[in-house]
Amino acid sequence: MTVTSPDEKTGLGTFGGVYTPSILTILGVIMYLRFGWVVGNVGLLGTLLIVTLSTGITFITALSVSAIATDRVIRVGGAYYMISRSLGIETGGAVGIPLYFAQALSVALYTLGFAESLAQTFPFLNQTYVALITTILVAVLALTSASIAIRAQYFIMAAIVLSLISFGFGHAVEPTTVELWNRNGEPFWVVFAVFFPAVTGIMAGVSMSGDLKDPTRSIPLGTLAAVGTGYVIYMGLPLILAFRADSQTLIENPLIMQQMAFWGPAILLGVWGATLSSAIGSILGAPRVLQAIARDGVLPHWLNALGHGSGKEDEPRIGTAVTLGVAVAAVCVGDLNLIAPILTMFFLTTYAILNVAAGIEGFLQSPSFRPAFRVPWLLSMVGALGCLVVMFLINAVATAIAALIVLGIYVWLQQRELMTTWGDVRRGMWMALLREGIFQMGQQEDPKNWRPHALVLSGIPSKRWSLIELADGFTHKRGLITVASILPSGSRDMAQQIEIEDRLQDYLERQGVQALVRLITADNPFDGAKQLVEAYGLGSIMPNTVILGDSEAVERREAYCEMLRAIHLAKRSLIILRENRDRSFGQRQRIDVWWGGLQANGSLMLLLAYLLRSNVNWRDADIYVNLVVPDHDAAKAAHENLDNLLAGLRLGAIPQILIAEGRSFPEILHASSQETDLIFLGMAKPTKQSFTTYYESLQARTIGLPTTLFVLAAPDFAFEEILTESIC
């Protein structure tokens with residue numbers, strides 16, 4: 001799936017496109033209908049602390065948003081667009097989908113607030129019906145035109161300013177007592193959770209990014225101005241409320257500001273204007289997030305229509321209709337105090353990820369990240385940490401549920417393997433970790449942390465898939481696999497080699513194998529293999545195990561054996577697959593290890609058999625450790641020793657003592673392993689004079705047997721320490 005990003009946008013400016021929807025969402029339903037409740041429950045100092053803490057988190061997030069917005073063009077989708085282009089489409093989708101629902105639920109929060117204030121003023125009205133009608137009318141306005149909705153907010157702002165002036169020149173409500181802290185109200189973090197949506201208005205402006213004339217300038221300026229304005233007002237209102245009424249009055253009367261105001265109806269105008277403007281801001285923002293998510297292919301194919309825009313302004317009318325349905329469902333719940341904490345969790349999650357995105361971009365200092373508005377990466381990370389801490393303090397269970405929702409969406413999107421046309425910060429992050437890891441690992445391999453890192457000399461993977469399957473079985477996504485092929489000299493230029501590598505990489509991914517691909521050219525495959533072993537790798541990250549097929553061509557046997565000798569001298573372990581073409585790996589029920597002791601080959605074969613049995617395709621296999629003794633006298637002691645050793649090694653292997661009684665090893669081998677699925681045989685160290693003869697004899701003794709692996713351990717590496725460390 002290829003992701004596209006349309007360029008359609010209108011010409012909204014900073015004031016109308018960012019500041020106005022942001023400040024009107026901030027100065028909304030919570031301020032008018034719940035601010036007195038907040039002061040009454042936690043007192044003056046508690047309220048000032050809540051305002052400062054929540055605004056501090058929002059302010060740092062606004063700084064992070066400003067840094068990202070001044071680095072790249074921000075299109076439709078706001079916070080979702082920023083996160084997906086920084087941390088990848090999976091992370092963007094995992095946060096964007098909950099963010100959409102948070103903004104859709106915000107519509108219900110504000111229309112419910114409007115209906116609550118209207119029902120208290122006119123008791124004969126039904127609050128739920130008023131909220132439903134208001135939600136529908138707000139959606140109709142948004143469907144008509146975004147620009148009309150924006151212009152309507154200027155009149156609403158005038159009403160809010162009038163209400164605040166009237167409240168400032170108002171009077172006290174008797175009886176009045178000033179309480180710095182109220183010890184008998186709701187817990188501090190419960191009150192914080194109800195209040196926090198009051199400072200999340202920055203998302204209203206950010207979500208309009210695709211409709212802005214200059215989002216790079218408008219988002220930082222408008223967002224920070226709205227946060228600053230909101231903080232000044234929110235620090236002043238508690239002082240007035242606390243000195244004009246006692247806590248019980250503040251808690252029990254949601255419209256206490258109306259009673260205190262110089263002209264009471266101005267507060268109603270402010271309440272109605274604020275709630276309606278906030279609802280308009282959310283009904284404009286949520287569908288645009290949904291539109292961006294759909295256009296990026298995050299949603300299933302049958303929801304692609306949600307990405308369609310209408311008219312020259314590309315308005316998301318289908319998305320607005322869907323958002324209306326979500327909001328109506330939330331209105332039917334009808335509880336303002338229930339919806340607000342849910343929104344808090346969703347918004348805090350979004351804020352945390354936005355801060356992480358800006359923090360990582362700043363920390364990596366990639367040449368591509370050049371924001372005009374710079375923010376210290378540590379400050380962004382502090383903001384992210386603050387979001388997480390506050391989430392846990394509010395409700396640890398709800399935080400865990402929110403994390404599971406985000407993680408579940410992330411895993412779902414990752415499994416869909418979405419393709420994007422943009423880069424993101426993840427590659428830079430992995431590069432930084434890789435660089436640090438390479439220098440920290442040193443040059444010497446540690447037996448305790450050993451794993452096979454396989455160089456598979458497979459040629460064309462589809463023709464020798466058993467080699468790759470074997471390597472995947474040994475590593476099972478814990479070690480590195482490199483699938484290598486050697487092409488004749490002059491047969492391909494570098495551009496063609498890269499194209500072939502890309503095709504092979506795609507083929508392996510379709511088969512579910514995580515592996516690197518390497519192609520080189522050489523005069524013959526044996527010289528090419530030696531070049532790979534000699535030069536391939538990065539610092540201490542290099543293949544420690546070479547997996548290749550058996551050589552059947554007699555005329556090339558000498559060169560083949562010389563290659564094996566060179567690989568051994570390079571201190572790599574060797575695994576040679578001699579495949580029985582008729583049976584391949586059989587039923588994968590039994591593995592025979594022909595064992596001569598713990599040293600070198602013996603330990604490596606046990607480790608490889610154990611690792612292979614850990615793979616899902618071999619999980620039902622039994623590992624038999626076969627030890628040949630000359631006679632019955634030696635059998636009893638050998639059996640006891642082998643039993644004790646294998647029990648201590650905890651490999652789940654079955655000891656099997658075989659008595660020679662004059663038979664040769666090939667006879668015993670054929671008699672005992674004829675019905676097995678895979679055989680491990682140790683191989684002697686290659687010598688220059690006689691190794692070819694030895695190798696031919698090894699081939700001869702395994703003719704007619706099931707698939708066999710010849711194993712030669714790397715010299716000077718203590719494989720036995722890997723097995724015996726826990727029993728020493």
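## A nonpolar patch on the surface

In this predicted model, seven named residues, V161, L162, I165, F169, F262, W263 and L269, make up a nonpolar patch on the surface. Together they present about 760 Å² of accessible area. The element that gives the most to this patch is helix α7, residues 146–168, with 3 residues.

V161 is one of the patch residues, and its place is in helix α7. Its relative accessible area is 43%, so V161 counts as partly exposed, a class that lies between the 20% limit for buried and the 50% limit for exposed.

## Strand β4 and its neighbours

Strand β4 spans residues 545–549. Because 5 of the 5 residues of β4 are buried, the strand is largely enclosed by the rest of the structure. In a regular strand the side chains alternate between the two faces of the sheet. In β4, T545, I547 and G549 point one way, while V546 and L548 point the other way. Both sets are buried.

β4 pairs with strand β1, residues 454–457, in the parallel sense over 4 bridges. Within this pairing, L548 of β4 stands opposite L457. β4 is also joined to strand β5, residues 573–578, by 5 bridges, and these two strands likewise run parallel. Here T545 has S573 of β5 as its bridge partner. From β4 the chain passes through α22 to reach β5, and this β-α-β crossover is right-handed.

## The loop after β4

The loop between β4 and α22, the latter comprising residues 557–569, contains S551. With a relative accessibility of 7%, S551 is classed as buried, since the limit for that class is under 20%. When neighbours within four places in sequence are left aside, S551 is in contact with R557, Y560, Y695 and Q699.

D550 lies in the same loop between β4 and α22. D550 is buried as well, at 11% relative accessibility.

## Salt bridges

The salt bridges in the model number 11. One of them links D550 with R578, with the closest N and O atoms 2.5 Å apart. Because D550 lies in the loop between β4 and α22 whereas R578 belongs to strand β5, the pair ties together parts that are 28 residues apart in sequence. R578 is buried, with a relative accessible area of 14%, and its partner D550 is also buried, at 11%.

A second salt bridge is formed by E579 and R581, whose closest N and O atoms are 3.5 Å apart. E579 is partly exposed at 22% relative accessible area, whereas R581 is exposed at 63%. In another pair, the side chains of R590 and D592 meet at 2.8 Å, N to O. R590 is partly exposed, with a relative accessible area of 21%, while D592 is buried, with a value of 0%. Salt bridges with shared partners also join D550, E552 and R578 into one network.

## The β7–α24–β8 unit

Strand β7, residues 622–629, and strand β8, residues 653–659, pair in the parallel sense over 7 bridges. Within this pairing, L627 stands opposite I657 in β8. The chain leaves β7, passes through helix α24, residues 632–649, and arrives at β8 in a right-handed β-α-β crossover.

## Helix α4

Helix α4 covers residues 79–87, and 9 of its 9 residues are buried, so the helix is largely enclosed by the rest of the structure. The buried residues of α4 are A79, Y80, Y81, M82, I83, S84, R85, S86 and L87. An α-helix has 3.6 residues a turn, so residues three or four places apart point the same way.

The residue that follows α4 is G88. The phi angle of G88 is positive, near 105°.

Notes
Residues are numbered from 1 along each chain as its sequence is written. This is a predicted model: local features need pLDDT of at least 70, side-chain atom pairs count only at pLDDT 80 or more; totals for chains, interfaces and linings use all residues. Side-chain values use heavy atoms; hydrogens and water are left out. Buried means under 20% relative accessible area, exposed over 50%, partly exposed in between (1.4 Å probe, protein chains only). Contact means heavy atoms within 4.5 Å. Patches are made of residues with over 30% relative accessible area and no salt bridge: like charges are joined within 9 Å, nonpolar side chains (Val, Leu, Ile, Met, Phe, Trp, Tyr) within 5 Å. Accessible areas come from the Shrake-Rupley method with a 1.4 Å probe; for residues, only the protein chains shown count as cover. A salt bridge is a side-chain nitrogen of Lys or Arg within 4 Å of a carboxyl oxygen of Asp or Glu. Two strands pair if DSSP finds at least two bridges between them. A crossover is right-handed if, with the strands pointing away from the viewer, the path from the first strand over the helix to the second runs clockwise.
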